[in-house]
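Student: I am new to this structure and would like a close look at a single part of it. Could you walk me through the place where the ligands are held?

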Amino acid sequence: MKLDILLGLQWGDEGKGKVVDVLTPRYDVIARFQGGPNAGHTLEFNGIKHVLHTIPSGIFHPQKINIIGNGVVIDPVVFQKEINKLEEMGIDPTQNLFISRKAHLILPTHKWIDAMLEIQKGEQNVGTTLKGIGPTYTDKTARSGFRVCDIITPDFLDKFSVIYKKHSDLLIKNGYNPNEDIETAFQTWFDSLQTLLRFKLIDSEYEINRYLKEGKKVLAEGAQGTLLDIDFGSYPFVTSSNTVAAGACTGLGVAPNQTKRVIGIVKAYCTRVGSGPFPTELFDETGEQLRKQGHEFGSTTGRPRRCGWLDLVALKYAIMINGITELVLTKADVMDNFDIVQICTQYQIGDELTNRFPAEITAEIKPVYKKMKGWKQNLSLEKDYQNLPREFKKYVAFIEMDTGVPITIVSTGPDRNETIIRK
Ligand code: GDP
Ligand code: IMO
Ligand code: MG
């Protein structure tokens with residue numbers, strides 16, 4: 001059996017959590033491979049809405065194993081809150097959630113350094129989630145990080161002191177004072193480690209490879225989106241991990257030749273939260289309508305998401321980088337009332353037309369749009385793809401034709417049941 005990968009193809013919030021939850025019955029194991037509490041993956045079923053940050057989106061299926069892989073960065077305080085919420089709902093995740101010993105830990109100081117760096121960047125700030133993601137991955141690559149396995153070693157406090165000193169020196173040097181009480185923040189952090197220790201800490205690379213050998217089906221769940229990838233995204237307005245399919249290999253310890261399907265989640269329009277270029281962004285009434293109808297406010301930070309038309313130049317780039325084998329189209333229902341729907345098919349830069357997503361996206365880039373007639377019907381009422389409005393099927397066919405990738409699932413609402421699987 002080979003690993004399937006599911007990930008976002010835009011700037012995050014494509015609906016990954018919902019789709020993973022829908023697909024979980026087909027799998028035995030769901031494993032997160034990168035990112036951390038910057039993610040907010042929303043699931044809805046039985047009238048309950050739930051947002052997950054660190055825990056894989058298969059957790060509501062008690063028979064399925066969920067793994068937090070080595071590529072993830074964990075804030076034990078956020079993790080504890082997530083666990084508490086699940087336990088309040090009567091779910092016992094200690095039996096089917098395992099954590100990689102190699103995953104790195106976010107300390108309170110990482111969050112403060114994140115805030116400090118954002119202030120220093122001034123108008124050029126990234127608009128991070130302030131969850132400490134960048135500084136934690138920086139420590140990982142600088143070989144001074146703090147891993148899950150470190151908390152169970154005898155010299156835990158020595159290791160902790162080294163990193164704490166490094167961080168506090170940096171904060172003091174820059175004159176940064178956190179908004180919270182330092183002692184309380186660390187006390188809360190240390191206390192929360194007890195929750196982490198209630199879980200089975202594993203060498204997830206061995207376990208996942210064993211599952212695959214035994215014929216078990218494993219799905220890798222991505223966080224963020226391809227355009228936020230540290231290498232291929234709209235740098236420097238990106239996150240600090242590899243969000244692309246290759247990240248599933250390094251973030252779980254699965255070899256590239258052991259991967260199979262790569263499922264790309266694409267929203268029927270684009271959104272972005274935080275700063276950075278966004279060629280198809282709409283500043284008008286239509287943008288406002290997308291935000292309102294789509295409830296486009298961050299699941300993690302509550303910030304309003306910037307909205308714009310679907311961008312096929314960026315989508316085809318994301319499909320290429322990830323080797324996408326199939327697409328899942330989400331949130332088209334948000335445009336149910338639109339008379340006209342537009343899709344960006346090319347970029348115009350000066351007199352030139354291009355299909356390429358450039359290394360540097362500047363204000364000079366003008367999207368070229370194809371206008372399509374809206375479907376003016378409530379998509380979420382329909383369960384059979386054949387019965388969907390003709391204009392909507394044309395919209396789907398156009399994306400498939402231009403990208404060369406089939407759309408196998410159409411999500412028509414936030415609920416688990418609002419999903420059309422095409423035959
Ligand atoms: P993720 O980070 O990719 O998991 O996406 P988020 O959960 O941050 O954002 C997606 C939002 O859209 C959530 O509020 C979902 O409940 C909601 N959602 C997902 N799929 C659909 C859909 O097909 N239609 C509508 N209207 N909402 C959806
Ligand atoms: P999910 O998994 C949308 C954005 C931030 C910021 C940039 C860097 O829910 O799709 P970071 O805190 O990672 O250093 O911030 O990345 N960002 C996301 N945007 N969805 C996410 O996750 C995001 N995670 C980070 O807004 O622009
Ligand atoms: Mg999200």
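Student: To begin with, which atom of ligand 1 lies 3.2 Å from a backbone N or O atom of G413?

Tutor: Happy to help! Please keep in mind that this is a predicted model. The atom you ask about is an oxygen atom of ligand 1, and its partner is a backbone N or O atom of G413. Side chains take part as well. A polar side-chain atom of D13 lies 2.9 Å from an oxygen atom of ligand 1, and an N or O atom in the side chain of T42 is 2.6 Å from an oxygen atom of this ligand. On its own, ligand 1 has 580 Å² of accessible area, and the protein covers 94% of that. Its place is the second largest pocket. Helix 1 and strand 3 are the elements that give two or more residues to the shell around ligand 1. Altogether 20 residues surround ligand 1, and the closest are K16, G40, T42, D333 and S411.

Now let us turn to ligand 2. Of the 21 residues around ligand 2, those that come nearest are D13, K16, H41, T129 and T239. You have just met D13 through its side chain, but with ligand 2 the backbone is involved: a backbone N or O atom of D13 lies 2.8 Å from an oxygen atom of ligand 2. G40 also offers a backbone N or O atom, which lies 2.9 Å from an oxygen atom of ligand 2. Q224 adds a polar backbone atom, and an oxygen atom of ligand 2 is 2.8 Å from it. The protein covers 98% of the 550 Å² of accessible area that ligand 2 has on its own.

Two of these residues, D13 and G40, deserve another look. Together they coordinate the magnesium ion, which is ligand 3: D13 does this through OD and G40 through O, at 2.0 to 2.2 Å. D13 belongs to the loop between strand 1 (3–8) and helix 1 (16–23), while G40 belongs to the loop between strand 2 (29–32) and strand 3 (41–45), so the pair ties together parts that are 27 residues apart in sequence. As for their surroundings, D13 is partly exposed, with a relative accessible area of 22%. G40, with a relative accessible area of 11%, is buried.

If you go back to the 3D view, try starting from D13: its side chain has a polar atom 2.9 Å from an oxygen atom of ligand 1, its backbone has an N or O atom 2.8 Å from an oxygen atom of ligand 2, and its OD coordinates the magnesium ion.

Note on methods
Residues are numbered from 1 along each chain as its sequence is written. Chains are lettered from A and ligands numbered from 1 in the order in which they are written. This is a predicted model: local features need pLDDT of at least 70, side-chain atom pairs count only at pLDDT 80 or more; totals for chains, interfaces and linings use all residues. Side-chain values use heavy atoms; hydrogens and water are left out. Donors are N, O and S atoms within 2.8 Å of the metal (3.2 Å for Na, K and Ca); water is not among the atoms, so sites may look incomplete. Helices (H or I, at least four residues) and strands (E, at least two) are DSSP runs, numbered from the N terminus. Buried means under 20% relative accessible area, exposed over 50%, partly exposed in between (1.4 Å probe, protein chains only). A residue is near a molecule or strand if one of its heavy atoms lies within 4 Å of it. A polar contact is a pair of N or O atoms within 3.5 Å; within protein, one must be able to donate a hydrogen and the other to accept it, and residues adjacent in sequence count only if both atoms are side-chain atoms. Accessible areas come from the Shrake-Rupley method with a 1.4 Å probe; for residues, only the protein chains shown count as cover. On a 1 Å grid over the protein atoms alone, a cavity is a set of points where a 1.4 Å probe fits but cannot get out, and a pocket is an open set with protein on both sides within 12 Å along at least five of seven lines; lining residues have an atom within 4 Å of a point. A molecule sits in a cavity or pocket if more than half of its atoms lie within 2 Å of its grid points.
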